[in-house]
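Here is a briefing for a newcomer. Please look at the sequence and the 3D view before reading on.

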Amino acid sequence: MSIRLPSADGGYRLHTPKTDPFAQLRSDPAHSRRFYSAAHVVADPRTPPGAAGPGVDWDATLAFRHRLWSQGLGVAEAMDTAQRGMGLDWPAAAELIRRAAAEARAVGGRIVCGAGTDQLSPDGAHPLTAITAAYEEQLAHVEACGAGSVLMASRALAASARGPEDYLEVYGRLLRQSARPVVLHWLGPMFDPALAGYWGHDDLDAATEVFLKVIADCPEKVDGIKVSLLDAEREVDIRRRLPAGVRCYTGDDYHYPQLIAGDGELASDALLGIFDPIAPIAARAALALDRGDAAGFRELLDPTVPLSRHLFAPPTRFYKTGVVLLAWLAGYQEEFRMVGGLETARPLAHLATAYELADGLGLFPDPERAEDRMRGLLAVHGVAS
């Protein structure tokens, strides 16, 4: 039976849902690459209006992380996908890190957690000392929880830095005092407009030189970098110029199959938001790489790119809405709700296409349930399916 879906042009099309979902598997982590999924949080629909903080359904949120670990994927916690700075405040993020790190220890799951400066007011500039102290507080919390750290790009630093030297000062101090090597994250303005001009330059070539100098000044404290610029050529260039032993974790949700597969000499590891909805396929693709089956890897992962490009289409920062929609349709949470009400950030036609593309990949363990939920969502918006 077909379902009638709304199109962006105001029309409709018929879609016949799949009946054979992609087979999920349990697996140990891959050894040829490191695969981290940046994971979303599940909102608690029982949170009363006007509550002091965002309501998180901790049981459902942690259950989703266990699902990722069981498939051999690592978890990148409290990152952009978890709505940091877009609904999830620092107290809630700190609790998420504490809980997820404890669960990771219990099952031997791989985890890294985001450390930023979102305790600070988003309005106006801040002294570098305050920005550094905010980073230090979050870095100390992540390390105390026993997790690896991702130094996230800071809105406060972007608004306050006078030039590249301020970035070098802040990051240099943080790297020198970190207890273990960290991942540095360069998040482009397509993900967060407040990060325009990061590293002290609007010109990306000049910004790249500052970024590489931060690493070169303290390479032993850098496990890797996560590049989220949606620019494959730039990532390949940065990857080639990294010191020995420093990993490149692609954050490019447009070009990830080719970047992970590599060029025959160098390859990227992965820390991706798209791995949240496509986890079963990503896990199977990782095992293909372990077998040296590069063609099989691409055969699995290449067909996921249209879905990823759709979810991460401009305005890219709202990709989380599609990610959470697909988790709900897949049955991993009971409500299509997000902290901060972000479930309304994408139009219905966009959500309908996300459903269609994900269904075509077999990402719904119970296709009938996904179809029923999609029909219900359409009905709420007055669309007869």
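The points below go from the whole fold to one helix.

This is a predicted model: local features need pLDDT of at least 70, side-chain atom pairs count only at pLDDT 80 or more, and totals for chains, interfaces and linings use all residues. Residues are numbered from 1 along each chain as its sequence is written, and side-chain values use heavy atoms, without hydrogens and water.

**Overall fold**
- The protein has 14 helices and 10 strands (DSSP runs numbered from the N terminus; helices are H or I with at least four residues, strands E with at least two).
- Its radius of gyration is 20 Å, which agrees with the value near 21 Å for a compact globule of 385 residues (taken over C-alpha atoms; the rule is 2.2 Å times the number of residues to the power 0.38).
- The C-alpha atoms fill a box of roughly 60 × 55 × 45 Å along the principal axes.

**Burial and contacts**
- Of the 385 residues, 57% are buried (under 20% relative accessible area, with a 1.4 Å probe and protein chains only).
- Among contacts with a separation of 6 or more, 70% join residues 24 or more positions apart (contact means heavy atoms within 4.5 Å).

**Helix 10**
- Helix 10 covers residues 294-301, and its buried residues are Gly296, Phe297 and Leu301.
- Seen down the helix axis, these buried residues fall within an arc of 120°, so they line one face of helix 10 (the arc is that of the directions from the helix axis to the C-beta atoms).
- They pack against strand 3 (35-38), helix 8 (256-261), helix 9 (279-290) and helix 11 (305-311).

Definitions and conventions: Buried < 20%, exposed > 50% of the residue type's maximum accessible area, 1.4 Å probe, protein only.
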